[in-house]
Amino acid sequence: MEAAAIHAEHAHHHGPPEANRSSRVEPQLLGMLLFIISEVMVFGAFFTAYFFIRVVNGDQWFPFNGDELPKLVAGVNTAILLSSSLTLHWAQTSAKNGNRFGLKAGMLTTFLLGFTFLFIQINEYIHIGFAPHDHAQGSIFYGLTGLHGEHVFIGLTLLAIVTVRAFRGHFTPEHHGGVEIPGIYWHFVDVMWIVVYTTIYIV
Amino acid sequence: MAVDSRSRTSRRTIVQMVVVGTLASIIGVLWGLYIDWFPVQGSTQARKIDDLWDLMIAFAVPVFVLVVTVVLFAVKEFRMRPGEENLDGPNIHGSTKLEIVWTTIPAVIIFILIGYAATILSDIEAAPANAAQELKVDVYGQQFAWTFKYTGADGKPINTTRLYLPEGQSVKFNVHSKDVIHDFWIPAMRMKIDAVPGVTTSYRITPIRVGSYPVVCAELCGLGHAVMRQTAYVMPPAKFNAWLASKSASAAAPAAGGGGSAAAAPAAIDAKAIFTKGNGESVACGSCHQLAAAGTPAGGIGPDLDKVLAGKDAAFIKTSIVDPQAEIAKGYPPNVMPPNFGQTLKPAEIDALVQYLVKSTRK
Amino acid sequence: MPAAVRHAGWTRATTFTVLGIAFSYALSLGARAGLGYDPVLDGEAVLQISLVTVPFFFLVGLGLFDYWGYYMSGRPTRPEDHSGHGAKSWKSYLYPNTDHKVIGIQYTVLSFFFLFVGGLFAMLIRAELAQPGRQFIDANTYNGVFSVHASILIFLFIIPVFAGLANFVLPLMIGAPDMAFPRLNALSFWLLPIAGVMMLGSFFAPGGSFASGWTAYAPLSDSAPIGQVFFTIGVQFAGASSIATALNFLVTIITMRAPGMSFFRMPLLVWANFSTSLLVVIATPFVAASQFFVLLDRALGFNFFDHGQGGDVLMYQHVFWFYSHPAVYIMMLPGFGIISEVLAVKSRKPIFGYRMMAFSLLAIVALGFTVWAHHMFVSGMQNWIRVPMMITTAIIAVPTGIKIFSWLATLWRGVLRLDTPMLFALGFLTMFTLGGISGVMLAMIPITIHVSDTYFIVAHIHYVLFGGSLFTIFAGVYYWFPKMTGRMYDERLGKLHFWLTFIFFNATFAPMHLIGLDGMPRRVADYADKYAGWNLAISLASFGLGLSTLIFAYNIIASWRGGPRAVGNPWRGLTLEWQVSSPPPVFNFDAIPTVVGGPYEYGVPGAVHGVFADQPPPVVAAGAPAAKTPTDE
């Protein structure tokens, strides 16, 4: 340990050599994609639980035991979340083109749409009429939508950061990775919701 | 950096290695077949599984010997000797031919083994020709005891904690759990299956040897997992049928005497035996509880009765047996002691046990 | 506010930890009062909330999130000044650091601490099992001890120690100045002590430690005392650490290789960690989810595993093993990488069949996802799943066999240096073969029906994880010790360590095959009298095995403090990490080297793997392949 320390004193550098880029892919982009693979697998495990209850055991799905899922409200909510992906895309394109107003307005709209989604989702929980401990179907419903809601929350946090930085003017057409990378995560959250909505509410 | 120009590998080395390896393999396989690996063969299933094991030994030993022989010969032939500190081996990168060989041969061996194992699997699970005559036993796992349910001649259920099996007849176990996952295993029969809450699992055996064999819980099921051990008794079919008939009779005439403890007492009840071994239906108290008078050792699962019952009256002890949750000894978790002693012990036996415990723990 | 509290460090971490506990109390009280629960103060609720939130308070206090907090608050980006790079004294290792070499040593040292803790638990287990009946600990403590033994050694020793060794050498090997995400790397490390503290701290929980095994099967884990959540939540932190590191390795390997280092010029250790990281990123979320289910069942009354409410008990095992079978390869593949490095250098020969070695790693990764249900042959799952799983399981023996035979061929005609790393590598070859053979036996369903949940399984897992993984870890630690510390270890003590370990390892675990086949179940505090003889012998041997580890500890500590100084390349290795000083410079390289050939060109005079700007161009011998002009992949 001491040897390492002594060496550190002697080998004084101003900084490390610049790393070679052995791939065209941006490290941040690749990291986010790998993280999303991990996230997909978490959802995969929850879908496994769903699969076992509904397919392997062949238990009845909603409407079940007098409990129903509000397909219509959730459908409207889906539309809200999907439109947030469009506004995000607008913001990202604006960032690339140097359109400051488009970036700011796009980010703000996206954030508000996402927030509305989460708000409606929580409202749905309050009015849905059954609890996770009523039956396994309830556990799966709350488990999957709750897991997704948590991801919306993480996504909103990222969007909030991007929005604040957008308003402070930290992004330029050359430097907009800070918009792109969290944006990918938000798109993932949206796509995941389509899968959740289809399997839980529709099928 | 000099490159190795030694020509130490000769045909002779290879021949030596093949000879040593072959000899070691033969000796190893013979030894492996000679060793008595398993408990006694208690069922037809055991015979088949043991055969598969022998086949595994016949393939496994040579593979292991091959690896060890090559390592040892490499060490013997090619280890660095003084003066060779700067020597390198030859720059060999591989050999497609060899790689094909050592991909193909293991693959072939693997498929032989898989094929044989699949055949054995279907054999040991096959239903007997006369399926109607198969004995069906329901097995219930509960922390920390097994109970068994037979169907009497009159179609009424017979519950017992002793597992009796007829020799030479196929038996199908339907395994259930009342709480967590257990695993119903009779090592001498080689078969096991988990007892899963909410699922009925099953396997079948055909016992081939009269005798008594341990029944073991093989899946960690909590505090008393280690002592969840009972016995299976395999008996000649005639004797088994007589037992079943006697059980049906006693089940048909339930304890009509009610609480009359002295009335029906067939003989003096041996309370100590019930404590240490159970009455044939109940679990033995001594498998969890320490009691100096009975000589049962400390297992740590249930409280030490010499301590917790010291100075307690008969009523307290009786409640503790029949309704174990009524009062839990300090430092011990609830829901561990089976709640069914009120059913598995006859009232007279409970009274005898209470008297015995009062006497044994009196200071 | 005093400066010590304002600046990142241990004072602030302690303050924040206290704040976190206060926050958990407040949250629990507020929520329970708001929802009208009685009593308002519930110890278990506070404990569960604390286990989730307090670690984050601690990490924020320690300064792991300072940079990100700065960014998140919307302040302008600041360029990295590299002031946090490198260790200035031994104290630097007690603080977050972004240097991969510091993190590598932090990881390795901490994991070895847990090896010794886990080993002590093993000694306790063997002391209890030395005779039938109760010796030292009651059944509840016993169940807790073996559960913590397994959890600690899997989640806090084997998995992270490989990450530690790779953290140190992998960036050097591929010619990178650091990992791709140094701050994430630091965070990954600091998640580990949290998981460790939780698992050890579980012994202080009311009702004792978690006692349902490292597999934590539901519904036993659903109804176990509160100690169980220490595992449930601890695993989340260990798992998050693993995923973050794997992601970091993958990005580093893909985007930061030196010019000229194509995928097929990477040392096999890099290949091994690439494969492992793929497994971690894809599989680890499943163990996280399985524990989420248990936590939701316990804390919020969900019914994932309550069959009375329609839950499915077997689903736990499917989800758990979908991670935990690949986890076996997560604990093995990096060891394969270490062995490839050691055998090539110590035999002075190129790895035989390099490409097949790389492809067989990928084959194991792919097959590793298709075999999980072989842990469930007697679980009562659908019968038809068994035979397909038997086939895929047995087929894994083929790529594994390719590796074993290629290593043997690498030895052949080499010039074998039989020093400590090499002895452990050879010990690994033979012992892992035994573990692999019993693995093939276990793939055969009829045999598994008899031996599952017996000591045969205990023997198999220890031949694979001790004779397999731990031997490779010892080989790797001895092999890179000079590089990591700048000192040489004591060769005589190293060899003594190997021989004692090798002998006592076999004396301990080989007889377990016998008692397992003979009918002794695993995870029991007590056993039938007929197994008493073997158990006593096993216990005695295991104490010898425990003592042999002390020699290792002494050798490492004494050599680190006062061993002879190591030169940059004591083994005359060709891979890049040996071309820099020992220990390496703070920023690894003055300039990134250019890779001009394969990593194992032994036997070609003057062959080099990479060239440095300040060195003369290499002499390329006739017949040396692949010394082309550097090209980008």
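**Where the two domains of chain C meet**

Let's start with the charges: no salt bridges turn up across the interface of domain 1 of chain C and domain 2 of chain C. Keep in mind that the model is predicted. Polar contacts between these two domains come to one residue pair, with both partners at pLDDT 80 or more.

Which helices of chain C supply at least two residues each to the side of domain 1 that touches domain 2? They are H3, spanning 43-62, and H4, spanning 66-72. Helix H3(C) gives the largest share of that side, with 10 residues. Sorted by class, the side of domain 1 of chain C facing this contact holds 13 nonpolar residues, two polar ones and one charged one.

Now step back to see the two partners as a whole. In the domain assignment of chain C, domain 1 covers 3-72 and domain 2 covers 91-562. Taken over C-alpha atoms, the centres of domain 1 and domain 2 of chain C lie 32 Å apart.

How many residues of each domain take part in the contact? Domain 1 of chain C brings 16 residues and domain 2 of chain C brings 18. Between them, the two domains of chain C bury about 1600 Å², and 84% of this area is on carbon and sulfur atoms. If you would like particular residues to look at in your viewer, try C:Gln48, C:Leu51 and C:Leu64 in domain 1, which lose the most area to domain 2 of chain C. Together these three account for 34% of what the domain 1 side buries.

Notes: Residues numbered from 1 in each chain as written. Chains lettered and ligands numbered in written order. Predicted model: local features only at pLDDT ≥ 70, side-chain atom pairs only at ≥ 80, totals over all residues. Heavy atoms only, no water. Domains from an automatic or database assignment. Contact = heavy atoms within 4.5 Å. Buried area = accessible area lost by both parts, 1.4 Å probe. Salt bridge = Lys/Arg side-chain N within 4 Å of Asp/Glu carboxyl O. Polar contact = N/O pair within 3.5 Å; in protein donor to acceptor, adjacent residues only side chain to side chain. Helix = DSSP H or I, 4+ residues; strand = E, 2+ residues; numbered from the N terminus. Nonpolar A, V, L, I, M, F, W, Y, C, P; charged D, E, K, R; others polar.
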